[in-house]
Amino acid sequence: MARGLMKRTVCAKSIFELWGRGKSVEELHSSLKKYPVENMESYLHSKCTYKIKVHTFNKTLTQQEKIERIDSLAFLPFKGKVNLKKPDHVFWFVEDYGTDPNNIPKQPLHLYFGRWIANGQRDLIESYSVKRRHFIGNTSMDACLAFIMANHGRVKTNDIVFDPFVGTGGLLIAAAHFGAYVCGTDIDYSTVHGLGKASRKNQKWRGPDENIRANLRQYGLENYYLDVLVSDASKPIWRNGMQFDAIITDPPYGIREATRRTGSQKEMTKVTEGSTENHISISSNYHLSDILFDLLKFAAEYLVIGGRLVYWLPVYKPEYTEEILPQHPCLKLISNCEQTLSSHTSRHLITMEKVKEFEDEDRSSNILESQYLSYKSHNSFREKYFSGVTKRIAKEEKDNQK
C-alpha cells in the first residue's frame with residue numbers, strides 16, 4: 001500500500017518503516033533497542049545485503065561525520081554484508097536541524113532511523129518542468145500542481161479526462177502521464193492552434209511545433225491525446241450521454257487571462273434571414289460566478305457517478321467564508337486546500353465527487369438562493385486583487401522615500 005501511494009505522490013520525498021526516534025543520540029539508541037528484534041531479523045540476516053544512508057535537513061555533514069553516525073549503530077544485529085550499489089535493503093539515519101537556515105542549532109532537533117520503503121515522484125516536477133516544455137502560455141500550470149490535481153481527481157489508466165479551459169494543456173499532460181485519455185476545449189482559437197505571439201521572453205512568434213499535441217508528444221504521451229476543440233465553456237457542445245471520468249481545470253480569474261464567452265451582453269444576435277455568410281460571434285464578459293455556475297452544472301451532467309471535478313477557486317481572504325464555496329445537489333465536496341497567493345488573496349483547490357444522477361430539476365439548482373449574494377462576490381476578485389497590488393506598490397514607494 002505504501003509503495004502504491006508513493007507511485008503517485010509528488011509531495012512526499014520518501015517513506016520509511018520507522019524503527020526508532022529521539023531528540024538526542026541516546027534517545028534514538030534507546031528507542032532502537034526497544035524495537036522488537038523479530039521485526040528486524042528478516043532484513044538483517046546473513047543472506048541479506050544492506051546499506052545505511054545518512055541524511056540531514058538544513059545542515060551538511062562531512063563524510064567522516066556520516067561514518068561516525070553509522071558506526072554508532074554497531075549494536076544493531078546486522079549479520080549480512082554491506083553492498084553500496086545494489087543492496088537488498090536500505091536504511092536511513094535522518095537528522096532534522098529545523099527549517100531556519102540562519103539559525104541552525106548545534107545539535108539536531110530530532111533523529112530518526114528506519115527502513116526505506118519507496119521514494120515519491122518528486123522527479124516528475126523536474127522532468128515535466130514548464131521551463132523546458134515546447135508550448136506554454138501566460139498561465140501554464142506548474143507541473144507539481146498539475147500532478148496534485150490529477151491525484152485529487154483519482155485519474156487512472158483508460159479514464160477519459162476533460163479540461164474545459166485547456167489553455168496550453170498542462171493539466172492534460174499530468175492526466176495522460178497516469179494513463180488517461182485526454183481532451184479539452186478553449187475559447188481562444190490562437191491558443192488551441194498554437195498561433196500568435198509566444199509567451200517566452202525573446203521569442204516573438206510561436207514555432208510550427210508549438211501546440212498541445214506537441215506537448216504530449218514531447219513526453220511520449222501522444223497516444224493518449226484525443227483532441228482539443230475551440231469552444232465556449234458556457235455553451236456545452238457535447239451530446240447527451242457523453243460522460244467523463246474526471247474534469248480537471250483552472251478557470252480564468254481575469255488577472256492574466258480574460259474571462260470571455262460568445263454573445264453580446266444582452267445575449268442577442270441579429271442574423272440576416274436566409275443569410276449563408278459565416279457568423280463571427282461577439283465576445284462578452286464572462287463573470288467568474290457564472291463560470292463557476294456553468295462548471296458545476298456541466299460536471300453534474302457529464303461526469304460519471306463517482307467521477308471527480310477538480311478546479312481552482314480564487315478567493316479574497318478578508319471576505320472568505322465556507323458559504324461562498326459553490327455547491328450542487330449532484331456533487332459532494334471532498335476537499336478544500338488553500339494555496340496562498342499574497343497577503344490578501346489565495347486560491348483554493350476544490351475537489352468534488354458526483355454522487356447523484358443529473359435530472360432536469362438539477363439544471364437550475366446549482367446554487368441555493370440564500371447563497372446568491374455572497375457567491376456573487378467572486379465577480380469582484382479581479383478588482384480586489386489589483387487593489388491590493390496598488391496598495392502594496394504605494395506602500396513600497398512611501399517606504400523608499402523615507
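This is a short talk about the cores, helices, one sheet and a few single residues of the structure above.

Okay, before anything else: what we have here is a predicted model. Let me begin with the nonpolar cores.

The largest one has 38 residues. If you want to click on its centre of contacts, the residues with the most contacts inside it are Tyr128, Met149, Val155, Val161, Ile212, Leu216 and Ile248. Which elements give two or more residues to this core? They are α6 (143-152), α7 (170-177), α9 (212-218), β8 (225-230), β9 (244-249) and β12 (303-316). The top contributor is α6, with eight residues. And apart from this core there's another, of 27 residues, with Cys183, Ala299, Cys330 and Phe358 among them. As general background, nonpolar side chains in soluble globular proteins tend to be buried together.

So let's stay with α6 for a bit. This helix is mostly covered, with nine of its 10 residues buried. The buried ones are Ala143, Cys144, Leu145, Ala146, Phe147, Ile148, Met149, Ala150 and His152. What do they pack against? Their partners are α5 (123-127), α7, β9, β12, β13 (331-340) and β14.

Met149 is a good residue to zoom in on. Leaving out residues up to four places away in sequence, Met149 touches Met141, Leu171, Ile248, Thr249, Val310, Tyr311, Trp312 and Leu349.

Now the two ends of α6. At the N-terminal end, Asp142 acts as a cap: one of its side-chain oxygens sits 3.0 Å from the backbone nitrogen of Cys144. On the other side, α6 is followed by Arg154, with a positive phi near 50 degrees, and Arg154 isn't a glycine. Its place is in the loop between α6 and β6. Is Arg154 buried or exposed? It counts as exposed because its relative accessible area is 56%, and the cut-off for exposed is over 50%.

Next up, α7. This one is mostly covered too: seven of its eight residues are buried. Those are Gly170, Leu171, Leu172, Ile173, Ala174, Ala175 and Ala176. They pack against α6, β6 (160-163), β7 (181-186), α9, β8 and β9. After α7 comes Gly179, where phi is positive, near 95 degrees.

While we're on backbone angles, have a look at Asn58. Its phi is near 75 degrees, a positive value in a residue other than glycine. Asn58 lies in the loop between β2 and α4 (63-71), and with a relative accessible area of 23% it is partly exposed.

That brings us to the sheet. We have an open sheet of five strands here, in the order β1-β5-β4-β2-β3, with mixed pairing. Which strands are at the edges? Those are β1 (14-22) and β3 (81-82), each pairing on one side only. The pairing between β2 (residues 49-57) and β3 is parallel, over two bridges, and that's where you'll find Thr49 opposite Lys81 in β3.

Two helices go with this sheet. Helix α2 (residues 25-34) packs on it, touching β1, β4 (89-96) and β5 (110-119). The direction of α2 makes about 105 degrees with that of β1. Then there's α3 (residues 37-44), which lies across β1, β4 and β5 and runs at about 130 degrees to β1.

Right, cysteines, for anyone about to set up a topology. How many disulfides are there? The count comes to zero. Take Cys337: it's in no disulfide, and the nearest cysteine sulfur, which belongs to Cys11, is 9.4 Å away. The cut-off for a disulfide is 2.5 Å between the sulfurs. Cys337 is partly exposed, at 32% relative accessible area. Cys330, on the other hand, is buried, at 0% relative accessibility, and as I said, Cys330 is among the residues of that second core of 27.

Last stop: Thr345. You'll find this threonine in strand β14 (residues 345-354). It counts as buried because its relative accessible area is 0%. Where does its side chain go for a polar partner? Thr345 and Ser342 are joined by a side-chain polar contact of 2.6 Å. And β14 ties back to where we started, as one of the elements that the buried residues of α6 pack against.

That's my tour. Over to you.

Notes:
Residues are numbered from 1 along each chain as its sequence is written. This is a predicted model: local features need pLDDT of at least 70, side-chain atom pairs count only at pLDDT 80 or more; totals for chains, interfaces and linings use all residues. Side-chain values use heavy atoms; hydrogens and water are left out. Helices (H or I, at least four residues) and strands (E, at least two) are DSSP runs, numbered from the N terminus. Buried means under 20% relative accessible area, exposed over 50%, partly exposed in between (1.4 Å probe, protein chains only). A polar contact is a pair of N or O atoms within 3.5 Å; within protein, one must be able to donate a hydrogen and the other to accept it, and residues adjacent in sequence count only if both atoms are side-chain atoms. A nonpolar core is a set of buried Ala, Val, Leu, Ile, Met, Phe, Trp, Tyr and Cys residues joined through side-chain atoms within 4.5 Å. Contact means heavy atoms within 4.5 Å. Two strands pair if DSSP finds at least two bridges between them. Axes are lines fitted to C-alpha atoms, for helices over the stretch in contact, and angles run from 0 to 180 degrees between N-to-C directions.
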